[in-house]
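Student: I would like a close look at a single part of this model, taken slowly and with its surroundings. Please keep to what can be read from the coordinates.

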Amino acid sequence: MSNNLLKGKRGIVFGALNEKSIAWKVAEKAVEQGAIITLSNTPIAVRMGETKALSEKLNAKVIAADATSVEDLEQVFVQSMEALGGKIDFVLHSIGMSLNLRKGRQYDDLDYGFLDKTLDISAISFHKMMQVAKKLDAIAEGGSVVALTHIAAQRTFTGYNDMADAKALLESFGRSFGYIYGRDKKVRVNTISQSPTLTTAGQGIGGMDAFFDFAEKMSPLGNASAESCADYCIVMFSDLTRMVTMQNLFHDGGFSNMGLTQAIVEDYIEKK
Ligand SMILES: NC(=O)c1ccc[n+]([C@@H]2O[C@H](COP(=O)([O-])OP(=O)(O)OC[C@H]3O[C@@H](n4cnc5c(N)ncnc54)[C@H](O)[C@@H]3O)[C@@H](O)[C@H]2O)c1
C-alpha cells in the first residue's frame, strides 16, 4: 500500500544483492512510495548478482561502485544527480562484509589485513559516502542518510567477530558526521539497529541460526523482518522524521530492552 511518503524524492540505495537483501526491500518500497532511485553495488555483484533484474523492475539506473573507493563514490553521486535530475533526498548504506568471518578466523586470531578490509567496507565507507556527498553538495537540505547496524556494536555476541567493531565505528560515524551534516546542510544521519535477518551477509555470522531463534524468543514482538526494516527506513527518509538525527534506532521487536523472557525460561527448563 502506498501513502506516497516519498513522492518527488530522489534516492540512492547501496547494497541490494538479491531478493533477501534488506536494501532490495528498501528499493522496492521507496519506489512504491513515489521515489525515483538509483542502485549501487560492487562491480562483481552487479555482474554476477540479481541487481539488474531489480533495476529493470524499478526502472532504476545501476551504478557499479566499490564503496571503499572515494572516486567510485563520487561517480555514484554525480551520475545519480544526472539520472534523477537533481540533488539527492535520501541515501541507504546497506553494506557489510568481514573476510575474517568468511575465512573462519576467530576473534583472538584475526588477520589484520582482513580487519582493515572489514572496517573499510563495513564502516569507513559510510564516512566516505557522507564526505563525498557533502563536498559535492549532493544531498538536498532536509535530506536523510541511513545506515544499517546491529546491537553487537554495544554488547558482545559470540560469533559476530570483527563485524562488532565495524558496527561500533559505523554508529560513531553516524553521530559525528550527523552533527556536522546537520549543522552545515540540515541533513539527517541515523543508524537503524536491525534484528538478525536471514540474508547473505546475515548467514555469514557464526551461529546465525541459533541466534535467530534465540532473538525471536527474546523479543516480545519477535524478530523484525527485512520488509519491516524497509518500512522503518522509508519513515526515516520521509518528511515525518525531519527532526530526528544522530540516533541509533533499534528496530528489533524489543530485543534490546529485554533481560529474560518466559519463552527462554520454558525452553531452558524443557532442555534441562
Ligand atoms: N542480516 C542481518 O542479520 C543484519 C542485522 C543487522 C544489520 N545488518 C546489516 O544490514 C546491511 C545489509 O546486509 P544484508 O543483511 O541485507 O545482507 P546482503 O548480503 O544482502 O547485503 C550486504 C551488501 O554489501 C555489499 N558489499 C559488500 N562489499 C561491498 C563493497 N566493497 N562496496 C559496496 N558494497 C559492498 C554486498 O554486495 C551486499 O549487497 C549490512 O550493513 C548488515 O551488516 C544485517
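By class, how many nonpolar, polar and charged residues does the shell around the ligand have? Please start from there and then follow helix α1 into the rest of the fold.

Tutor: The model is a predicted one, and everything below should be read with that in mind. The shell around the ligand has eleven nonpolar, 14 polar and one charged residues. Altogether 26 residues surround the ligand, and the closest are S21, G96, T199, A201 and G202. Among the elements that contribute to this shell are α1, spanning residues 22-32, and β5, spanning residues 139-149, each of which supplies at least two residues.

Helix α1 is mostly covered, with nine of its eleven residues buried, and these buried residues are I22, A23, W24, K25, V26, A27, K29, A30 and V31. Just after the helix, G34 takes a positive phi of about 100°.

One partner of α1 comes from much further along the sequence, namely A230, which lies in helix α9, residues 226-237. The C-alpha atoms of A230 and V26 are separated by 4.5 Å, although the two residues are 204 places apart along the chain. Leaving aside neighbours within four places in sequence, A230 is in contact with I22, K25, V26 and K29. In an α-helix there are 3.6 residues a turn, so residues three or four places apart point the same way. A230 itself counts as buried because 21 other C-beta atoms lie within 10 Å of its own, where 20 or more are required.

Helix α1 also takes part in the largest nonpolar core, which has 73 residues; A27 and A30 are, with V13, I37 and C233, the members that touch the most others. I37 touches A27, A30 and V31 as well as G11, I12, V13, L58 and A60, again not counting residues up to four places away in sequence. In soluble globular proteins, nonpolar side chains tend to be buried together.

From V13 the path leads into the strands, since V13 belongs to that core and strand β1 covers residues 10-14. β1 runs parallel to β4, joined to it by four bridges, and F14 stands opposite H93 in β4. Strand β4, residues 88-93, is mostly covered, six of its six residues being buried. On to β5, the pairing of β4 is again parallel, over five bridges, with F90 opposite S144 in β5, and β5 brings us back to the ligand shell, to which it supplies at least two residues.

Key: Residues are numbered from 1 along each chain as its sequence is written. This is a predicted model: local features need pLDDT of at least 70, side-chain atom pairs count only at pLDDT 80 or more; totals for chains, interfaces and linings use all residues. A nonpolar core is a set of buried Ala, Val, Leu, Ile, Met, Phe, Trp, Tyr and Cys residues joined through C-beta atoms within 7 Å. A residue is buried if 20 or more other C-beta atoms lie within 10 Å of its own, exposed if 12 or fewer, and partly exposed in between; C-beta atoms are placed from the backbone. Two residues are in contact if their C-beta atoms, placed from the backbone, lie within 7 Å. A residue is near a molecule or strand if its C-beta atom, placed from the backbone, lies within 6 Å of it. Ala, Val, Leu, Ile, Met, Phe, Trp, Tyr, Cys and Pro count as nonpolar, Asp, Glu, Lys and Arg as charged, and the others, Gly among them, as polar. Two strands pair if DSSP finds at least two bridges between them.
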